[in-house]
Amino acid sequence: MRAWLLAEEPASPWQARLGRLYLGWRRLCSNPLALLGLALVLLLMLLAAIGPWLAPHDPAAQVLELRLRPPLTPGYWLGTDELGRDILSRLLCGARITLGIVLLTVAIVVPLGLAIGTVAGYAGGWVDTVLMRLTDIFLAFPRLILALALVAALGPGIDNAVLAIALTAWPAYARLARAETLLLRRADYIAAVRLAGASHARIVVRHVLPLCLPSVIVRATLEMAGVIVTAAGLGFLGLGAQPPSPEWGLMIASGRKVLLDSWWVATMPGLAIFLVSLGFNLLGDGLRDVLDPRQP
């Protein structure tokens, strides 16, 4: 099986793709930290899928006589918050919200950044100038400040928070895609495709975009940690998810009032954000090594 996948002259294109995937997987498996990141990301996905069924209590149920119970309390293993809600249940249900924010943001940012970057890099001239100056305007503002301004204008809520984060995150992807396109458009095979009669749109979609995608995927994986932190920051300031949503940033905000006396209320969701952000960063570093075109 291994020899078949690694054959120097694959029998078919799909066998060549399988061979590249196999080599990439072996390279990823040789990096223990990347595997740790992959495990953390897969754990987040699993909890997002089945977390509400694993939750021992209703995440929104308030039991005031059980408020601020410490961790390891029977039935409330991570303690309760200031309203007597089970922190473990809220963390499990909040994983779906966190993953949803990440996926929605990436679904908006990656196509938008790729489209603007590849068009600017391939077209050049005034098109490149206009699109890159627009990108520079967005890059001139700190991301969190610009996201705060957009959410304040649009109104609080998860949907508006996702839109605001996406509108502040796309310039980095556009810059990266443009840099890749500037190198690719001078390649000999692009000139050959152009001489064969392919239209500019076909060249960009069929030949430039696929080659820009690996570096953009790595950037997106590394940026997911920043997306989670930004979303948590908006929730902390009351501009993201609204009560009684079990969003992790909102949970930290509710625990800041009792941080000195009941540290677990804010610490538990903070640890969850830390672990998920660490997982995406480690996985992104591993994917960068796997997708590096300079690797043999």
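In this predicted model, the side chains of Arg85 and Glu82 meet in a salt bridge, with a nitrogen-to-oxygen distance of 3.9 Å. That distance falls inside the limit, because a salt bridge is counted when a side-chain nitrogen of Lys or Arg lies within 4 Å of a carboxyl oxygen of Asp or Glu. Both partners of this pair, Arg85 and Glu82, are buried. In general, side chains of opposite charge can pair when their charged atoms come close. By the rule used here, the count comes to seven salt bridges, and two further examples can be followed along helices.

One of them is found in helix 5, which covers residues 125–139. Here Asp136 forms a salt bridge with Arg133, and the closest N and O atoms are 2.9 Å apart. The two residues are three positions apart in the helix, which is about one turn. Asp136 is partly exposed because its relative accessible area is 26%, and Arg133, at 43% relative accessibility, also counts as partly exposed.

The other example belongs to helix 9, where Glu223 and Arg219 are four residues apart, again about one turn of the helix. Their side chains meet in a salt bridge of 3.1 Å, taken from N to O. Which of the two burial classes, buried or partly exposed, does Glu223 fall into? Its relative accessibility is 15%, so Glu223 counts as buried, whereas Arg219, at 29% relative accessibility, counts as partly exposed. Salt bridges that share partners also join Asp81, Glu82 and Arg85 into one network, which brings the reader back to the pair with which this account began.

From charged side chains we can turn to nonpolar ones. A nonpolar surface patch of about 530 Å² is made by Leu43, Leu46, Ile50, Trp53 and Leu54. Among these residues, Ile50 lies in helix 3. Ile50 has a relative accessible area of 34% and is therefore partly exposed, and this value satisfies the requirement for patch membership, because patches are made of residues with over 30% relative accessible area and no salt bridge.

The backbone also has some points that deserve a careful look. Most residues other than glycine have a negative phi, and most peptide bonds are trans. Where, then, does Leu68 lie, a residue with a positive phi? Leu68 is found in the loop between helix 3 (32–54) and helix 4 (87–123), and its phi is about 55° although it is not a glycine. Leu72 lies in the loop between helix 3 and helix 4 as well, and Leu72 has a positive phi of about 70°, although it too is not a glycine. With a relative accessible area of 68%, Leu72 is exposed.

Another backbone feature concerns a peptide bond, since a cis peptide bond joins Pro243 and Pro244, with omega at about 0°. Pro244 is found in the loop between helix 9 (200–236) and helix 10 (248–255).

Finally, the record offers a wider frame for part of the chain. UniProt, in an unreviewed entry, places the feature "domain: ABC transmembrane type-1" at residues 95–284. Over this stretch the predicted chain is 83% helix and 0% strand, and the C-alpha atoms at the two ends of residues 95–284 are 20 Å apart.

Key: Residues numbered from 1 in each chain as written. Predicted model: local features only at pLDDT ≥ 70, side-chain atom pairs only at ≥ 80, totals over all residues. Heavy atoms only, no water. Buried < 20%, exposed > 50% of the residue type's maximum accessible area, 1.4 Å probe, protein only. UniProt positions renumbered as here; feature names shortened; annotations may be inferred. Patch = residues over 30% accessible without salt bridge, like charges linked within 9 Å, V, L, I, M, F, W, Y side chains within 5 Å. Areas by Shrake-Rupley, 256 points an atom, 1.4 Å probe, with all protein chains shown as cover.
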